[in-house]
Amino acid sequence: MYSARDIGERNTTYEVAQYAPGFLLVGDDGGGRGFLLRADDPDSAVFSSGLGDLEPADFDVVSADFASWIESLRPALSC
């Protein structure tokens, strides 16, 4: 997940406004897949897409909502 200061730059670099209007790129996996939210929906699902193909019709849903997605990124607690 990107820091708040990096989100604008990453969205500009990947031209999200041009190729996926209405979406906000919030992170990537370091291997070419980005994670996006619908910018106008506070309850948006989290979507995944190849950063070279930001066509919303091709997006995959990776989580029903942002909070659940963040929780899934936490490492499992060791016992």
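Biologist: Glu-9 has a relative accessible area of 39% and counts as partly exposed; what are the limits of that class?

Modeller: A residue is buried under 20% relative accessible area, exposed over 50%, and partly exposed in between (1.4 Å probe, protein chains only). This is a predicted model, in which local features need pLDDT of at least 70 and side-chain atom pairs count only at pLDDT 80 or more, while totals for chains, interfaces and linings use all residues. Residues are numbered from 1 along each chain as its sequence is written, and side-chain values use heavy atoms, with hydrogens and water left out. On this scale Arg-10, at 22% relative accessibility, is also partly exposed, and buried residues make up 29% of the 79 residues in the protein chain.

Biologist: Which residue forms a salt bridge with Glu-9?

Modeller: A salt bridge is a side-chain nitrogen of Lys or Arg within 4 Å of a carboxyl oxygen of Asp or Glu. The partner of Glu-9 is Arg-10, and their side chains meet at 2.7 Å, N to O.

Biologist: How many salt bridges does this rule give, and where do the others lie?

Modeller: The count comes to three. Besides the pair of Glu-9 and Arg-10, there is a salt bridge between Arg-33 and Asp-60, whose side chains meet at 3.2 Å, N to O. Arg-33 belongs to strand 2 (residues 33–38) and Asp-60 to strand 4 (residues 60–63), so this pair ties together parts that are 27 residues apart in sequence. Both partners are partly exposed, Arg-33 with a relative accessible area of 31% and Asp-60 at 41%. In the salt bridge of Glu-71 with Arg-74, the closest N and O atoms are 3.6 Å apart; here Glu-71 is partly exposed at 47% relative accessibility, whereas Arg-74, at 54%, counts as exposed.

Biologist: You mention strands; how many helices and strands are there in the protein chain?

Modeller: Helices (H or I, at least four residues) and strands (E, at least two) are DSSP runs, numbered from the N terminus. The protein chain has three helices and four strands, and along the sequence they follow the pattern α-α-β-β-β-β-α. With a radius of gyration (taken over C-alpha atoms) of 13 Å, close to the 12 Å that the globule rule (2.2 Å times the number of residues to the power 0.38) gives for 79 residues, the chain is as compact as a globular protein of that length. Along the principal axes, its C-alpha atoms fill a box of roughly 45 × 20 × 20 Å.

Biologist: In what order do the four strands form the sheet?

Modeller: Two strands pair if DSSP finds at least two bridges between them. The result here is an open sheet in the order 1-2-3-4, with antiparallel pairing. Strand 1 (23–28) and strand 4 are the edge strands, each pairing on one side only. Neighbouring strands of this sheet are turned by 40 degrees against each other on average, direction ignored. Helix 3 (residues 66–73) packs on the sheet, touching strand 1, strand 2, strand 3 (46–50) and strand 4, and its direction makes about 70 degrees with that of strand 4. For such angles, axes are lines fitted to C-alpha atoms, for helices over the stretch in contact, and angles run from 0 to 180 degrees between N-to-C directions.

Biologist: How many bridges join strand 1 to strand 2?

Modeller: There are five, and the two strands run antiparallel; Phe-23, for instance, has Arg-38 in strand 2 as its bridge partner. The hairpin of these strands has four residues between them, and in this hairpin Gly-30 takes a positive phi near 75 degrees.

Biologist: Which residues is Val-46 of strand 3 in contact with?

Modeller: Contact means heavy atoms within 4.5 Å. Val-46, found in strand 3, is buried at 0% relative accessibility. Leaving aside neighbours within four places in sequence, its contacts include Phe-35, Leu-37, Val-62, Ser-63, Phe-66 and Trp-69. The C-alpha atoms of Val-46 and Val-62, 16 residues apart along the chain, are separated by 5.7 Å.

Biologist: Ser-63 appears in that list; is Ser-63 buried or exposed?

Modeller: Ser-63, which lies in strand 4, is buried at 10% relative accessibility. A polar atom of the Ser-63 side chain lies 3.0 Å from the backbone oxygen of Asp-65, and the backbone nitrogen of Trp-69 lies 3.2 Å from a polar atom of that side chain. Again leaving aside neighbours within four places in sequence, Ser-63 is in contact with Ala-45, Val-46, Ser-68 and Trp-69.

Terms used:
Polar contact = N/O pair within 3.5 Å; in protein donor to acceptor, adjacent residues only side chain to side chain.
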